[in-house]
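Hello,

Please find the model we discussed below. My notes on the contact between the chains come after it.

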Protein chains: 2
Amino acid sequence: MPTYRRIVLASRPAPEQPPRHDNFRLETLEVPTPSNGQVLVRNLWLSLDPYMRGRMGEGPSYAAPQALNETMVGGTAGEVVASKHPGFAVGDQVVGQLGWQEYGLSDGSRLSKVDTRHVPLSAYLGAVGMPGVTAWHGLRRIIEPKDGETVVVSAASGAVGSVVGQLAKQSGCRAIGIAGGRDKCRYVVEDLGFDACIDYKAQDVVKALQEAAPKGVDGYFENVGGEILNAVLGQMNAFGRIALCGLIASYNSQPVPIRNPSWFLVRRLKLQGFIVSEHMEDWPPALKELGTLVATGKLKYRESVADGLDAAPEAFFGLLAGRNFGKQLVKLG
Amino acid sequence: MPTYRRIVLASRPAPEQPPRHDNFRLETLEVPTPSNGQVLVRNLWLSLDPYMRGRMGEGPSYAAPQALNETMVGGTAGEVVASKHPGFAVGDQVVGQLGWQEYGLSDGSRLSKVDTRHVPLSAYLGAVGMPGVTAWHGLRRIIEPKDGETVVVSAASGAVGSVVGQLAKQSGCRAIGIAGGRDKCRYVVEDLGFDACIDYKAQDVVKALQEAAPKGVDGYFENVGGEILNAVLGQMNAFGRIALCGLIASYNSQPVPIRNPSWFLVRRLKLQGFIVSEHMEDWPPALKELGTLVATGKLKYRESVADGLDAAPEAFFGLLAGRNFGKQLVKLG
């Protein structure tokens, strides 16, 4: 019998501590046969995303915790290899939520066929997938940037941040990224077309922001948190909007406080936390726009690819530590 | 010549320090005569409000700082005693922004005639004035409470907080106040009709909130800040809304950080700072509703009255320290 491999959650990381290899376990199972109404998918790409750190814990999060000894959750892109479902045929390219495994069964309910003629399959896990829609929602629905405003985004070279800045530029804004390291900053400005990028590892973020955003900051898309959030809050203009998408700086450590809540009052700021999966009405228009932009070369992205399922844990640790450069994927095919 | 008294800002308090008597100076001047287009008003009531602390400083605030050696800013209610303005006649009852003085000249631009047949003149500085509209805007436009939700308000016995809770009750919400001291809490529940009130001086706010709001908190109207903000944030439900109106706990001291920004993300909270004077479109509908509620006895309020202009500084210090009980006024008449 043919076999496949999967990774299950073996144990939970300690709260405010990084996950470790022994939290995961690699298993080998027999490839299943689809029953009536089911599809068997061979996963070609696995998406690694910061939210997975939250699912690994037991603490209150916005989603139920990942069950122990079950396949780690995650977005996947692959190809239908057997189908007893009228909506799917062998050879269909599909994206779904089949988790950290090489093959998966689906009843079709969270599986979508995608068109890979103009958009590569892996992009449906990035710029034309959940990260892209996340950028779209936070920018369009919360920040609502106006022509001539200044928008800042942290983790600017990442799957979400790179889309935020490029969409902001298309709305006539000044787009400023924050990223870690010279290479990422150069990429954000030279390849993605941001107006400026601040290297938080090498620069004083407040001083650099004052130079890069001389008229202050109107919109901030936050992926990181920690001291970067405090630095940007201090530069916000009156009526600024902050879309709070992630706080990756604190996922493995103590929370970093917001030092001066009076910023919100004195400058009449709006801060809004959000989870893109709760705004399903935005997915169709966002995916349509993002797909067109990628297909026509107007939206660029970059991928960090780990090779093979057994590389997934280490790649995930790197993602949480900012060692990835662009959308973190695992190539399973 | 008849004279009147005024209080000017003599010097600015040190940042993050309480104001002192020597920041103010009492002066005696001759009562002026109105020129063409002007009205002379005898102020009967002076409103004391927390925002004045911000105006006394030089730091960045939402309004220009109060000028040194000029009459302290402030809302006033009084009677027209001489008029060369076609819109005002001797005997008219008016509210305006004539500041800390017994008489004031106005060109009519920020002066409104009010009807005192069913609503007392002083109420136009409280429940049917700026504090009332502040409550109305924060509750209706930011918190937008739904029937059955739980709304918490700090400084619940004060000019703003008392209106917030009563309006929330009228929207079918569970209203919970936070106030300092047993008398204020008893008043909030027994006289104003809140469902519960937490005495932050005597109770563990987190524990008391968990008891008073067993289903969690959906809307929070913040007047105080400091540790109370942290305590309430920890009890917010998913999609909770926080209207940030004031942070009086920090006006005279170091800012108190928001300890755990992940609350905003995990629970998808919205925090919005606001200044009621920037939402003039809300004033007519709000004042109409609040005036009707006061006139029909459905909206209750309480006043702390200091007697005479020279009592104003001490009353203002008391307001900043929470020693007032209800709307703080100075009776000038």
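The notes below deal with the interface of chain A and chain B.

This is a predicted model, so local features need pLDDT of at least 70 and side-chain atom pairs count only at pLDDT 80 or more, while totals for chains, interfaces and linings use all residues. Residues are numbered from 1 along each chain as its sequence is written, chains are lettered from A in the order in which they are written, and side-chain values use heavy atoms, without hydrogens and water.

Chain A is superposed on chain B by a rotation of 180° with 0.0 Å of shift along its axis (RMSD 0.0 Å); the fit is by least squares on the C-alpha atoms of residues with pLDDT of at least 70 in both. That is the relation of a two-fold axis. Both copies use the same surface, since 100% of the contact residues of chain A recur in chain B (contact: heavy atoms within 4.5 Å).

Each chain's share of the contact is 30 residues from chain A and 30 residues from chain B. Together they bury about 2500 Å², 68% of it on carbon and sulfur atoms; this is the accessible area (1.4 Å probe) lost on being put together, summed over both. On the side of chain A, A:P261, A:L265 and A:R268 lose the most area, together 25% of what that side buries.

The rule finds two salt bridges across the interface (a side-chain nitrogen of Lys or Arg within 4 Å of a carboxyl oxygen of Asp or Glu). A:R268 and B:E278 form a salt bridge through their side chains, at 2.3 Å from N to O.

Regards

Methods:
Buried area is the accessible area (1.4 Å probe) that two parts lose on being put together, summed over both.
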